[in-house]
Each structure stands twice: as structure tokens, then as C-alpha cells.
Protein chains: 2
Amino acid sequence: MTQTLRIPRSDNRLPLVLDAAARLFREKGYAATSMRDIATAVDMLPGSLYYHFAAKEDLLVAVYEEGVRLITEKVRAAIARQTEPWERLEAAAVAHLEALLKTGDYALVVIRVLPQDVPKAAARLVKLRDSYDKLFAELVAALPLPPETDRQSFRLLLLGALNWSQHWFRENGRNSPRSIARSFLKLLRDAQKT
Amino acid sequence: MTQTLRIPRSDNRLPLVLDAAARLFREKGYAATSMRDIATAVDMLPGSLYYHFAAKEDLLVAVYEEGVRLITEKVRAAIARQTEPWERLEAAAVAHLEALLKTGDYALVVIRVLPQDVPKAAARLVKLRDSYDKLFAELVAALPLPPETDRQSFRLLLLGALNWSQHWFRENGRNSPRSIARSFLKLLRDAQKT
DNA sequence: CTATAAAGCAAACAGTCGTTTGTTTTTTCT
DNA sequence: AGAAAAAACAAACGACTGTTTGCTTTATAG
């Protein structure tokens with residue numbers, strides 16, 4: 001009665017399914033994307049998706065997890081290269097925005113699909129988001145700011161503005177995620193030099 | 001052959017329909033709200049809604065219009081009471097946030113339902129949003145800022161942060177839309193005093 | 001009081017939704 | 001080569017979707 005552990009097949013199309021789901025969730029939103037849309041995108045039958053995921057919301061959670069993982073990874077790598085607190089925050093802001101606007105679909109799903117839109121998965125989604133927020137809280141805590149400064153507002157101001165940029169940003173010669181993040185940070189940094 | 005102009009009936013339930021649609025679109029999003037949801041909320045039959053609106057997306061546009069109207073009205077009234085540019089911007093920020101977080105459903109739908117989620121109505125929705133953005137652009141243009149300041153980034157930073165607050169704000173003793181807007185503005189204002 | 005237009009009812013249309021069930025194909029391990 | 005597990009197919013389930021059509025009720029105008 002030995003339990004044989006088997007290695008997954010190499011032609012497993014689960015990665016493709018996740019890619020397609022991420023793309024569609026980002027383009028059309030969660031509710032407007034059907035399981036058939038996703039299945040068609042990877043040339044599968046709708047029912048086959050249920051071999052990989054028990055329900056539609058589990059697919060979303062999987063995309064979310066990968067999104068948070070990607071952003072966290074990029075931001076961690078970016079701040080590791082800096083030592084000065086303001087430099088670290090700027091590096092984080094740039095990495096955050098580049099992850100959102102350049103990495104592509106996974107990261108954008110995280111800030112575009114609202115937990116409240118998917119009641120059955122809301123708790124799990126919020127948890128994933130919160131784990132990331134802590135990173136920025138630590139960076140802001142390390143800043144040399146005047147004692148009366150409201151550091152929570154500071155964090156919410158910066159992160160809110162960065163996340164909202166998804167709604168208006170269009171890549172072009174003058175504009176880049178990096179230049180925008182730096183602009184934002186300059187506006188905030190100058191204010192604290194008095 | 002005289003064309004008789006008649007006054008609408010006084011028991012018209014269209015306002016109730018709009019209220020219910022605004023509430024549901026805000027709570028569940030556009031795609032997840034069905035015409036039956038809305039009809040049930042006002043004790044009507046689904047088909048009856050089509051006497052007032054030719055399609056679901058027209059209902060959304062109507063809610064959007066009222067939302068933009070409400071926000072614009074509040075902000076205009078608030079800035080009219082101030083003369084100094086920074087005071088005017090702060091009054092606008094407070095009014096904007098109070099409109100979003102206190103006025104209720106109509107205003108929140110405007111920043112919560114994305115035009116890209118409703119392709120058939122996207123153009124109309126974007127137009128409504130843009131008409132409002134101009135208001136803030138004028139306020140920022142009037143600020144006495146150092147010549148090298150990027151005023152567009154300034155506006156996007158502030159407005160983005162204000163709009164994003166819908167995702168984390170919870171009313172309580174310490175927190176109010178007014179106090180948040182003022183915190184944000186203080187962080188930005190101090191930076192420009194050097 | 002009566003015609004007329006406003007507002008809504010009743011019932012259905014065709015299509016789409018997430019999901020389930022039973023079966024088949026394909027790969028891996030022994 | 002043969003057994004077992006992985007991955008997907010094929011086909012359908014009931015529920016729900018936005019919308020249409022024809023008819024009825026009800027308030028208003030003359």
C-alpha cells in the first residue's frame with residue numbers, strides 16, 4: 001500500500017489558463033469574464049477548467065496570489081539596493097508602479113478587481129493585499145520626518161495616488177511609470193524639508 | 001391636430017429606480033447587478049424598467065450623470081466661499097471627499113464603476129468624468145507654486161489619493177472625510193513652502 | 001365624463017452563466 | 001508492456017441574463 005507520488009505532466013496547461021484569466025480579468029473585470037471566455041482563450045472546454053479550480057473565485061484568488069507575489073518581489077529587490085530612507089521609498093514607488101503598469105496583467109488585477117466584487121473570496125483577497133501594505137508602512141516609518149507628521153496619511157496619500165494611476169496612465173515618450181513615481185515622490189519630499 | 005403636452009404622472013417611480021440602481025451598482029458593481037435586482041428593489045417587474053431606459057447601460061449613464069452633478073455642485077459651492085488659492089483647493093478636496101464618502105451612492109458609482117467595464121457606454125462616462133476634472137485643474141493652476149513644480153502631477157497625486165480612499169475609509173471618531181482631505185493637503189502644502 | 005397618454009403588468013424569448021457527470025486520451029512510473 | 005494517475009473531452013444541468021411584445025391599469029386633460 002505504498003503511496004506513489006507522481007510528478008505532474010509536462011504538457012500541463014495550467015500556466016496558460018492563469019495567464020488567460022489574468023488578462024481577461026484585467027481587461028473586462030471579474031464579473032464580465034466568463035469561464036467560457038477563459039476556456040476559449042486557451043482552446044479548452046469550459047468544464048476542463050474545473051480540473052484545476054473548484055470554482056471561478058478560486059481562479060481569481062490564484063491570479064491575485066501571483067500578482068501580489070510579483071509586486072512584492074519587485075519592490076523587495078528594488079529597496080534592497082538602497083540604504084537611505086528616502087531613496088528606499090522612491091525605489092519602492094518606482095518598482096510598485098512599474099510592476100502595475102509594465103509587468104502586466106497579474107499585478108493589475110490586484111488593484112483593479114475589488115474584493116467586495118467577489119464576496120465568496122473577499123476575505124482571502126483582503127488578506128493578500130494587507131500582506132503587501134505592511135511593506136510600505138515600514139518604509140514610511142523609517143523616514144526622517146518632522147515629529148508632527150501623520151505617517152499613516154502619508155502612506156495612504158502616496159499609495160492611493162500610485163494605484164489610481166492605472167486609470168489615466170498611457171505610455172508615451174514623456175510619461176513613464178518611473179517618471180511618474182519620481183514626480184509624486186518629489187512633491188512629497190520637498191514638503192518635508194522645511 | 002393640436003399636440004397636447006402632458007405632464008408626467010406624479011406617482012412616477014423613476015427616482016426610486018435610480019436610487020436603487022445607484023445603491024446596487026455601488027454595492028455589487030455594474031456587471032454583478034442584474035435588471036431583476038433593480039426591479040425587485042423597487043417592487044417592479046424587470047420589463048417595466050424598459051419603459052424608462054432603453055438598455056441597462058443607459059441606466060448606468062443616468063446614475064453617472066447625477067453623480068457627477070452632485071459632486072460638481074458640492075465642490076463649486078465649497079470653493080465659492082474661499083478666495084485664497086490654497087484655501088480654495090482645500091475646500092474643494094474636503095467637498096470632494098465628503099461627496100464621495102457621505103453623499104452616498106450616486107457619487108461613489110462615478111469612481112467605482114470603470115468606463116472600460118461598460119464598453120457601450122464608455123465614451124459617455126469618460127466625457128462626464130473629464131468635465132469634472134477640469135474643475136480641479138483650474139484650482140491647481142491658481143496655486144502660487146515654485147515655477148519648476150509639475151502641476152499636472154500635483155493634481156493627479158491629490159485626486160488619485162482622494163479617489164482611492166473609497167477602498168480603505170471607514171467612518172469613526174478619529175477619521176472623517178474632512179480630516180483626511182485636510183491631512184492630505186497639509187502634506188502637499190508644507191512641501192511647497194520652501 | 002371620456003379620450004388619451006403615462007406607467008407598469010404578465011409572460012415569454014433566445015442566449016449565457018457556473019458547474020457536474022461520465023468518459024476518454026495521454027503521460028509517467030514500475 | 002502494463003497499471004495508475006493526470007489532464008482533458010463531451011454533453012448536459014438548471015438557473016439566470018438582458019430584452020421584447022402585447023395588454024392592462026391609472027392619472028391627467030379637455
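1. Rotating chain A by 180° with 0.0 Å of shift along the axis puts it on chain B at an RMSD of 0.0 Å (least-squares fit on C-alpha atoms of residues with pLDDT of at least 70 in both copies). The two copies are thus related as by a two-fold rotation axis. Within chain A, A191(A) has the C-alpha closest to that axis, at 0.9 Å.

2. Some housekeeping: this is a predicted model, with local features needing pLDDT of at least 70 and side-chain atom pairs counting only at pLDDT 80 or more, while totals for chains, interfaces and linings use all residues. Residues are numbered from 1 along each chain as its sequence is written, chains are lettered from A in the order written, and side-chain values use heavy atoms, with hydrogens and water left out.

3. On the interface, 33 residues of chain A touch 33 of chain B (contact means heavy atoms within 4.5 Å). The copies meet through the same surface, because 97% of chain A's interface residues are interface residues in chain B too.

4. About 2,900 Å² is buried between the chains, 67% of it on carbon and sulfur atoms (accessible area lost on being put together, 1.4 Å probe, summed over both parts). L157(A), W164(A) and L187(A) supply 25% of what chain A buries there, more than any other three residues.

5. I'd also look at the salt bridges between the chains, 2 by count (Lys or Arg side-chain nitrogen within 4 Å of an Asp or Glu carboxyl oxygen). R112(B) forms a salt bridge with D117(A), with the closest N and O atoms 2.0 Å apart.

Terms used:
Buried area is the accessible area (1.4 Å probe) that two parts lose on being put together, summed over both.
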